[in-house]
Amino acid sequence: MTQRAGFVALIGEPNAGKSTLLNRMVGAKVSIVTHKVQTTRARIRGVAIEGDSQIVFVDTPGLFQPKRRLDRAMVAAAWGGVADADVVVLMIEAHRGITKGVEAILDRLAEVGTGRTIALAINKIDRVEAPVLLGLTKDLNDRYAFAETFLISAEKGHGAHDLRLWLADRMPEEPWLYPEDQIADLPMRMIAAEMTREKLTLRLHQELPYQLTVETENWEERKDGSAKVDQIVYVARDGHKGIVLGNRGETIKAVSKAAREELSEFLGRKVHLFLQVKVRPNWLEESERYSEMGLDFKDGNA
Ligand SMILES: Nc1nc2c(ncn2[C@@H]2O[C@H](COP(=O)(O)OP(=O)(O)OP(=O)(O)O)[C@@H](O)[C@H]2O)c(=O)[nH]1
């Protein structure tokens, strides 16, 4: 059998439904869906196997207009994901249509999209009537020559399977990037890290929304059926450590408790969660997370 493997970048405005679609296509709660906007950053979110193809999904931050320095870094990261991917899927919300943000993305695609395979996924079709959908499909395709248009409802599952089959066909002939037996384990670690990060984001609000990342370092199945999970919360600066820890450690304790409860409920068994906070400057630019997974995302494997 000829193996195929490649990267797919999902792009779109915040709240377009990228995480929901990912969960559909990967088949697990890989990206935690939240109502808070801009919770995701460029990184590997899940791996789907379809026939001979391995599809590695890269989730990107919302491509919004940068206001602050850090926002610009996020947007740069998102477009970096676009440049590295084999296929790009632009997600648009059917009921919102061509917003200013979408306009900006289309303009940028016109600049960087040449020679790339870019598909359009119009999401949330459950929220509009058919004529609106047809008009929007036409308008968008007039604006950019998309390789294909998918009309989907990520939440209800419509169209997600067709998109997945189409993507699988477009993966380059390459050996699989992940050994098959690792796949089951990989999303679980990511899910757990994502749960903790979400709790931190909710708790810290505006204080340091994007400047931290969580990694699951160790996962141990215990004889009594419980799981021992060690995670590291990386912050960008020394000063942030104190914020994450909180007064007498109360913030990290509350986060740990909330994340442990959610993970435990998700797994249906007891979880012991241990969080450590470490400083790692410039994590946003680091490609370390990819190489840790056996992938060198920046240097050509993509
Ligand atoms: N009605 C409807 N709602 C949807 C659909 N897909 C996603 N949603 C909702 O849209 C909201 C945003 O979805 P997410 O998947 O978190 O969006 P996202 O693009 O990953 O957002 P960021 O993480 O901010 O980039 C959630 O409340 C979803 O439940 C859909 O097909 N129909």
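## The β7-β8 hairpin

How many residues lie between β7 and β8 in their hairpin, and which residue in the turn has a positive phi? Five residues separate the two strands. The residue is G225, with a phi of about 95 degrees. This is a predicted model.

Across the hairpin, β7 and β8 pair in the antiparallel sense, over nine bridges. One position shows the register: E215 stands opposite I232 in β8.

## The three-stranded sheet

The hairpin belongs to an open sheet of three strands, ordered β7-β8-β9, with mixed pairing. β7 (212-221) and β9 (271-279) each have a single partner strand, so they stand at the edges and one side of each has no neighbour in the sheet. From one strand to the next, the twist averages 20 degrees.

Strand β8 (residues 227-235) runs parallel to β9, and nine bridges join the two. I232 has Q276 as its bridge partner in β9. On the β7 side, I232 faces E215.

## Helices across the sheet

Two helices lie against these strands. Helix α8 (residues 238-245) lies across β7, β8 and β9. Its direction is at about 150 degrees to β9. Helix α9 (residues 250-267) lies across β8 and β9, at about 140 degrees to β9.

## Fold and cores

The protein chain holds 10 helices and nine strands. Of its 302 residues, 38% count as buried. Among contacts with a separation of 6 or more, 69% join residues 24 or more positions apart.

In soluble globular proteins, nonpolar side chains tend to be buried together. Here the largest nonpolar core has 45 residues. V8, F57 and L90 have the most contacts inside this core. Leaving aside residues up to four places away in sequence, V8 touches I55, F57, V58, A85, D86, V87, V89 and L167. A second, separate core has 18 residues, including I191, Y234, V255 and V277. Y234 falls within the span of β8, V255 within that of α9, and V277 within that of β9.

## An open helix and a loop lysine

Helix α4 (residues 130-143) has 14 residues and should span 20 Å at 1.5 Å a residue. Its end C-alpha atoms are 20 Å apart, which agrees. The number of buried residues in α4 is one, so the helix lies largely in the open.

K156 sits in the loop between β6 (148-151) and α5 (160-169). K156 has 13 other C-beta atoms within 10 Å; residues count as exposed at 12 or fewer and buried at 20 or more, so K156 is partly exposed. The C-alpha atoms of K156 and K124 are separated by 8.7 Å, although the two residues are 32 apart along the chain.

## Confidence

The mean pLDDT of the protein chain is 79, and 75% of the residues score at least 70. Among the elements of the chain, β6 has the highest mean, 97. Helix α10 (residues 288-292) has the lowest, 43.

Two stretches call for care. Over residues 28-42 the pLDDT is below 50, yet this stretch has 50 contacts in the model beyond near neighbours in sequence. Residues 287-302 are also below 50, with 17 such contacts. For the complex, the predictor gives an ipTM of 0.97 and a pTM of 0.65.

Conventions
Residues numbered from 1 in each chain as written. Predicted model: local features only at pLDDT ≥ 70, side-chain atom pairs only at ≥ 80, totals over all residues. Helix = DSSP H or I, 4+ residues; strand = E, 2+ residues; numbered from the N terminus. Contact = placed C-beta atoms within 7 Å. Pairing = 2+ DSSP bridges. Axes fitted to C-alpha atoms, helices over the stretch in contact; angles between N-to-C directions. Expected span 1.5 Å × (residues − 1). Core = buried A, V, L, I, M, F, W, Y, C linked by C-beta atoms within 7 Å. pLDDT = per-residue confidence, 0-100.
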